Amino acid sequence: MKLLLEHAHVEGIRYYDAYRKNGGYRAVEKAFKMTPDEIVEEVKKSGLRGRGGAGFPTGMKWSFLAKPEGIPRHLVCNADESEPGTFKDRYLMEFIPHLLIEGLIVSSFALGSNATYIYIRGEYAWIVDILEQAITEAKNNGWLGKNILNSGFDCEIYVQRGAGAYICGEETALIESLEGKRGNPRIKPPFPAIQGLWMRPTVVNNVETLAAVVPIMNIGGEAYSKIGVGRSTGTKLLSVCGNVKKPGIYEIDMTQSVEEFIFSDEYCGGIANGKKLKACIPGGSSVPILPANLLLKTAKGETRYMNYESLSDGGFATGSMMGSGGFIVFDEDQCVVRHTMTLARFYNHESCGQCSPCREGTGWMYKILKNIEYGKGKMSDIDLLWDIQRKIEGNTICPLGDAAAWPVAAAIRHFRDEFEWHVLNPEESQKRNFGLAHYADPIHVPTETA
Amino acid sequence: MSEQPKFKVTIDNITVEVPAGTTILNAARMIGGDVTPPAMCYYSKLEGSGGKCRTCLVEVSKGSEKDPRPMPKLVASCRTTVMDGMEVKNITSDKVLDARKGVVEMLLINHPLDCPVCDQAGECHLQDLSYEHGVAGTRYEFDRRTFEKEDIGDYIQLHMTRCILCYRCVFTADQLTNKREHGILERGDHAEISTLLGKSLDNEFIGNVIDVCPVGALTDKTFRFKNRVWFTKPVDAHRDCPTCSGKVRLWMRGDEVFRVTARKDKWGEVEEWICNDCRFHKKEAKDWVIEGPSRIDRHSVISQGHYVDTVKQPVYIDRVIGKNPKLLLDIHKVSDVNRPDVDLSKIEGPAHSDDFKKNKDN
């Protein structure tokens with residue numbers, strides 16, 4: 001089932017003519033015949049959940065937007081996609097930019113935003129040009145600007161480049177950065193829906209969420225909600241990387257099992273080079289890593305599916321999260337300690353430095369993990385790591401503290417023997433990897449068929 | 001005039017009525033004593049401060065009368081406003097005490113702990129905090145963070161290694177002066193306080209950043225290494241100043257004025273900002289009209305029992321736990337010294353064990 005990437009392989013879909021020929025901007029035509037409240041209602045009906053990581057229902061978020069008289073409202077598109085392992089928004093913006101622009105026009109109309117911003121990650125420098133070209137094309141064809149489709153609604157879309165900070169993907173930090181300040185997350189409340197950009201009511205949505213508004217308008221919220229399973233409605237983009245045969249972007253309707261997703265030829269095509277699956281991070285670097293056995297089956301022995309509920313089944317003890325869809329697969333040759341150290345270094349580097357636990361704790365965790373990885377660790381370090389992550393998690397302003405704590409916690413929880421092996425065999429651990437352990441042994445590996 | 005609604009909030013089993021819009025921290029300050037969470041970054045006089053240091057985390061066990069659900073995470077009490085019927089746990093919550101211990105540990109791992117040579121020692125909020133909520137040892141085994149030295153002017157000494165990044169001085173510089181020239185560079189654990197391209201801070205009120213700094217990161221260059229704060233006596237004084245209110249606190253030894261600071265209230269916050277002229281240039285007793293000894297209540301190491309009328313913090317332990325604590329040993333019953341009814345300030349010279357015995361007979 002493909003909704004977002006339906007026309008992704010059409011020649012020249014990046015440009016207006018091809019996009020329009022393939023049914024582009026129908027959603028805008030349809031939306032401008034409706035009232036803004038009807039559009040919000042349609043999105044609510046669709047059950048669309050935020051694709052940025054938290055999975056908060058988009059329709060509900062939109063209905064929280066305060067609408068005081070005489071104060072402008074803003075829609076901000078969060079294109080600061082910096083999570084290690086996640087690159088789905090990049091694909092959308094780079095190859096089908098008009099899908100995002102169309103979604104933005106519809107959403108701006110629904111929310112009453114006359115000035116809409118795309119806050120794009122600084123490293124996506126070339127995509128800024130692609131987006132700006134798409135905006136110009138849309139404007140030349142009357143989809144943007146003053147009095148769109150004679151509805152009396154004006155809308156402008158501005159692209160703003162970030163300066164390369166992961167923290168600016170957090171919505172309040174993004175707003176601060178967009179205002180030209182240092183990208184420090186704000187303390188909530190007040191929430192952006194009440195006081196956001198320039199103290200005006202603001203909605204911040206992920207690229208994929210806003211793009212998903214287009215198919216919702218095209219097929220209707222009711223029909224959209226029938227795709228998928230339970231509360232995981234619609235389709236989700238996954239960016240797969242790691243040791244699989246076919247890494248890349250996949251659109252799924254969330255009915256696939258994890259096993260099918262990894263091993264079927266339609267999707268990832270199995271583990272590369274004939275290796276075995278060791279572990280996987282199903283939703284971008286911040287979510288807990290799962291060993292193969294817990295990834296394919298839940299703790300209760302049920303099959304795990306690629307949707308919000310099933311992936312988080314069992315909580316953090318035996319589950320993980322859908323997150324932002326950065327699916328990172330590890331084969332038996334990967335070292336979990338080294339991987340955890342790399343992530344700890346990332347979060348240490350990207351912490352904004354406001355809250356003491358995150359500022360000091362991430363650096364501390366990185367240093368300890370570095371010691372363990374390079375054979376200088378002690379057994380007590382593992383318990384210390386556990387204690388530090390526990391003191392960071394939940395005690396910070398923004399979720400970066402949690403995001404830094406969860407991967408470390410999950411790695412220790414599921415791969416403690418690997419950490420212990422590193423401590424006990426400092427020399428051997430420098431020469432070879434731990435490999436598969438009993439807990440990470442896949443319960444079932446499909447045999448290669450011709 | 002419409003009457004402001006009053007909210008009832010219960011903090012550690014002590015109920016207090018506060019106006020709507022009060023933060024939990026300020027409600028707790030109205031009660032006082034042990035139930036008040038410590039605050040390293042919040043400063044009631046600075047708009048936008050707070051929420052950063054995480055020492056004031058509390059548990060909200062009941063959201064409000066209308067919505068009694070507890071809050072899922074610990075909240076920063078300095079930035080969370082009370083709701084009617086809210087129930088807050090501070091020292092009665094193990095979760096809070098554990099998290100606070102963690103925060104204090106995090107604040108200290110990169111602090112140089114150079115108290116013996118630090119001018120702030122004796123009136124340092126981080127010292128108080130680690131004394132009250134910290135642990136004796138450290139589990140940190142790595143080199144502590146260091147910074148390149150930076151000169152930010154003739155009056156203010158910056159020790160970046162001691163900084164806990166509370167942002168108080170940034171807010172002060174932003175809100176007292178019209179130029180934005182003092183802020184944070186870099187991010188994460190290599191973030192540092194700095195001025196615009198290393199320029200010196202030059203403003204009539206910039207000296208106040210010394211007073212708001214909870215640690216010894218910003219100290220007075222005119223007082224540097226001159227004396228320990230507990231050897232100097234604080235007296236309140238004023239002068240007719242054209243720029244500020246002129247109400248200051250002089251730190252004297254004999255007739256010599258060692259240091260001039262703003263007056264601080266019992267939470268260690270400046271009452272009125274003072275200008276650089278008063279702070280750095282009027283260092284003679286004849287410049288000032290001395291009002292009398294300052295009332296010191298927070299920093300016990302400064303008062304050392306030498307001052308009349310020191311205000312003791314109220315003790316609420318019986319109300320917090322709902323009964324009188326059962327003491328294993330009441331020291332006052334066994335020991336002759338350390339009797340609470342003996343006022344040390346009324347004894348001439350150093351106290352002698354006879355002083356206590358004499359009193360006992362009375």
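Select strand 1 (residues 73-79) of chain A together with strand 4 of chain A: the two pair in the parallel sense, over five bridges. The model on screen is a predicted one.

**Stop 1: strand 4 of chain A**

Add labels to H74(A) and T202(A); H74(A) stands opposite T202(A), which belongs to strand 4 of chain A. Now keep strand 4 alone, residues 202-206 of chain A. Is this strand buried or exposed? Five of its five residues are buried, so strand 4 of chain A is largely enclosed by the rest of the structure. To see this from both sides, colour T202(A), V204(A) and N206(A) in one shade, and V203(A) and N205(A) in another. The first group lies on one face and the second group on the other, and the residues of both groups are all buried.

**Stop 2: chain A as a whole**

Zoom out and show chain A as a cartoon. It holds 19 helices and 11 strands. Its radius of gyration is 22 Å, close to the 22 Å that the globule rule gives for 450 residues, so chain A is as compact as a globular protein of that length. Along the principal axes, its C-alpha atoms fill a box of roughly 75 × 55 × 40 Å. Of the 450 residues in chain A, 56% are buried. Among contacts in chain A with a separation of 6 or more, 72% are between residues 24 or more positions apart.

**Stop 3: the domains of chain A**

Colour chain A by its domain assignment: domain 1 is 16-226, domain 2 is 240-331 and domain 3 is 336-434. Then hide domain 2 and look at the other two. The centres of domain 1 and domain 3 of chain A, taken over C-alpha atoms, are separated by 36 Å. Where these two domains of chain A touch, 10 residues come from domain 1 and eight residues from domain 3. On the domain 1 side of this contact in chain A, seven residues are nonpolar, two are polar and one is charged.

**Stop 4: an open sheet in chain A**

Bring domain 2 back and select strands 7 to 11 of chain A. How are these strands of chain A ordered in their sheet? The five strands form an open sheet in the order 8-7-11-9-10, with mixed pairing. Strand 8 (248-252) and strand 10 (290-291) of chain A are the edge strands, each pairing on one side only.

Stay at the edge formed by strand 10. Strand 9 (residues 277-281) of chain A pairs with strand 10 of chain A in the antiparallel sense, over two bridges. Select C280(A) and look across to strand 10 of chain A, where its bridge partner is L290(A). In general, strands of a sheet pair through backbone hydrogen bonds, either parallel or antiparallel.

**Stop 5: helix 16 of chain A**

Select residues 356-373 of chain A, which make up helix 16. This helix of chain A has 18 residues and reaches 26 Å from its first C-alpha to its last, close to the 26 Å expected at 1.5 Å a residue. Turn on the surroundings: helix 16 of chain A is mostly covered, with 15 of its 18 residues buried. Next, go to G375(A), which follows helix 16 of chain A and has a positive phi, near 75 degrees.

**Stop 6: where chain B meets chain A**

Show both chains and select the residues in contact. There are 25 residues of chain B touching 24 residues of chain A. Which element gives the largest share of the chain B side? It is helix 2 (residues 94-109) of chain B, with six residues. By class, the chain B side of this contact with chain A divides into 14 nonpolar, four polar and seven charged residues.

**Stop 7: chain B as a whole**

Hide chain A. Chain B comes to 10 helices and 13 strands. A compact globule of 362 residues would have a radius of gyration near 21 Å, and the 22 Å of chain B agrees with this. The C-alpha atoms of chain B fill a box of roughly 60 × 55 × 55 Å along the principal axes. Buried residues are 37% of the 362 residues in chain B. Of the contacts in chain B with a separation of 6 or more, 62% are between residues 24 or more positions apart.

**Stop 8: H238(B)**

Finish at H238(B), in strand 10 (residues 233-238) of chain B. H238(B) counts as partly exposed because it has 16 C-beta neighbours inside 10 Å. Add W288(B): these two residues are 50 apart in sequence, yet 5.7 Å apart in space, C-alpha to C-alpha. Leaving out residues up to four places away in sequence, H238(B) touches G246(B), K247(B), V248(B), W288(B), V289(B) and E291(B).

How values were computed
Residues are numbered from 1 along each chain as its sequence is written. Chains are lettered from A and ligands numbered from 1 in the order in which they are written. This is a predicted model: local features need pLDDT of at least 70, side-chain atom pairs count only at pLDDT 80 or more; totals for chains, interfaces and linings use all residues. Two strands pair if DSSP finds at least two bridges between them. Helices (H or I, at least four residues) and strands (E, at least two) are DSSP runs, numbered from the N terminus. Domain bounds come from an automatic or database domain assignment. Two residues are in contact if their C-beta atoms, placed from the backbone, lie within 7 Å. Ala, Val, Leu, Ile, Met, Phe, Trp, Tyr, Cys and Pro count as nonpolar, Asp, Glu, Lys and Arg as charged, and the others, Gly among them, as polar. A residue is buried if 20 or more other C-beta atoms lie within 10 Å of its own, exposed if 12 or fewer, and partly exposed in between; C-beta atoms are placed from the backbone. The radius of gyration is taken over C-alpha atoms; the globule rule is 2.2 Å times the number of residues to the power 0.38. The expected span of a helix is 1.5 Å times one less than its number of residues.
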